[in-house]
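Let us walk through this protein chain together, one step at a time. Keep the picture in view as you read.

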Amino acid sequence: MKRFLLALALSVLPVALTAETHYKPRISVGGKAGVSMAMMSFSPSVKQSWNMGTAGAVTFRYTEEKLFGLVAELGWVQRGWKENFEEHPFAYSRSLTYINLPILTHIYFGSRRFKTFINLGPQIAYMIGSSISSDFDYANPSSVTNFPSNRQTEQMRAEIKNKFDYGICASIGFEFYVQPRHSVTVEGRYYYGLGNIFPSSKADTFGASRNMSIEVTLGYNFRLR
């Protein structure tokens, strides 16, 4: 048995050493900025349209020579929702600003100058700001002339109880290398929150109040090594 294990170790060692020589770790830092489009997943549902905002981050990326890597970001994103009143002449939107930290698996392929990549993984976030824009008295909508009587309105004036958010995100993008150490990225990302911003017990109005957003960003990366 000892001879077998020794022979096995000696046979695996050259492969391991060869594999080690082929590994070329790459560490890059950078930043990105762009726009976000957000809605909420409410239950019961609320008629909405996309709420526009901004997004950005500083980025850290570790990759191996082939296919896989890891991306960590520290950034901000504006989420929230915009009420859709259809034919009624009212406007209401609520913007929620988060500091977020995604840690993502980075899968990439392509040539040395141009690559396509996919990022997948979890994200945590904390809300640092909230603002409301409205052209009517949303705290007392029943007093507003011609306001639709059958509309859900609790979400307009409800206080946000849960500032901590967590969820999953997935993105696809492209990276162009201007020089061996300098690259530009274009990325589209979808985020789905798993936490509720409002209380969600059986006695509460909403069983679900989860963030959803799409982000489109332009980024720059500098390879440290």
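Two helices and nine strands make up the secondary structure of the protein chain. If you follow the sequence from its start, these elements come in the order α-β-β-β-β-β-β-α-β-β-β. What you are looking at is a predicted model, and it helps to know how confident the predictor is. The mean pLDDT of the protein chain is 89, and 89% of its residues reach 70 or more. Where is confidence lowest, and where is it highest? Helix H1, residues 2-22, has the lowest mean, at 44, while strand S8, residues 182-193, has the highest, at 98. Within residues 4-21 the pLDDT is below 50, and apart from near neighbours in sequence this stretch has zero contacts in the model.

Now step back and take in the whole chain. It has 225 residues, and 39% of them count as buried. Its accessible surface comes to about 12,700 Å², with 63% of that belonging to carbon and sulfur atoms. Look also at who touches whom: among contacts between residues at least 6 apart in sequence, 70% join residues at least 24 apart.

Next, find strand S4, residues 68-83. Which strands pair with S4? One of them is strand S2, residues 48-49, which runs antiparallel to S4 and is joined to it by two bridges. Here Gln48 stands opposite Glu83. Strand S3, residues 51-63, also pairs with S4 in the antiparallel sense, over nine bridges, and in S4 you will find Trp76 opposite Gly56. Strand S5, residues 92-110, pairs with S4 as well, again in the antiparallel sense and over 13 bridges. To see one of these partnerships, pick out Arg79, whose bridge partner in S5 is Leu96.

Arg79 has another neighbour to look for. It lies over the face of Tyr98, at 5.6 Å from the ring centre. A similar theme appears at Arg151: its charged end sits over the ring of Phe85, 4.3 Å from the centre of that ring.

Let us turn to rings that meet other rings. A pair of aromatic rings is described by the distance of the centres and the angle of the planes. The count of aromatic pairs here is 15. Take Phe42 and Trp81: their ring centres are 5.2 Å apart and their planes stand at 85°, so the pair is edge-to-face. Phe42 belongs to strand S1, residues 26-43, and Trp81 to strand S4, so this pair ties together parts that lie 39 residues apart in sequence. Are these two residues buried or exposed? Both Phe42 and Trp81 are buried.

Trp81 has a second ring to meet. The centres of the Trp81 and Phe198 rings are 6.5 Å apart, with planes at 85°, so this pair is edge-to-face too. It links distant parts of the chain, since Trp81 is in strand S4 and Phe198 is in the loop between S8 and strand S9 (208-223), 117 residues apart. Trp81 has a relative accessible area of 0%, so it counts as buried. The value for Phe198 is 3%, so Phe198 is buried as well.

Finally, let your eye gather these rings into one group. Phe42, Trp81 and Phe198 belong to one aromatic cluster, together with Tyr92, Tyr138 and Phe206.

Key. Residues numbered from 1 in each chain as written. Predicted model: local features only at pLDDT ≥ 70, side-chain atom pairs only at ≥ 80, totals over all residues. Heavy atoms only, no water. Pairing = 2+ DSSP bridges. Helix = DSSP H or I, 4+ residues; strand = E, 2+ residues; numbered from the N terminus. pLDDT = per-residue confidence, 0-100. Contact = heavy atoms within 4.5 Å. Buried < 20%, exposed > 50% of the residue type's maximum accessible area, 1.4 Å probe, protein only. Areas by Shrake-Rupley, 256 points an atom, 1.4 Å probe, with all protein chains shown as cover. Phe/Tyr/Trp six-rings, centres within 6.5 Å; stacked < 30°, edge-to-face > 60°. Lys NZ or Arg CZ within 6 Å of the ring centre and 35° of its normal.
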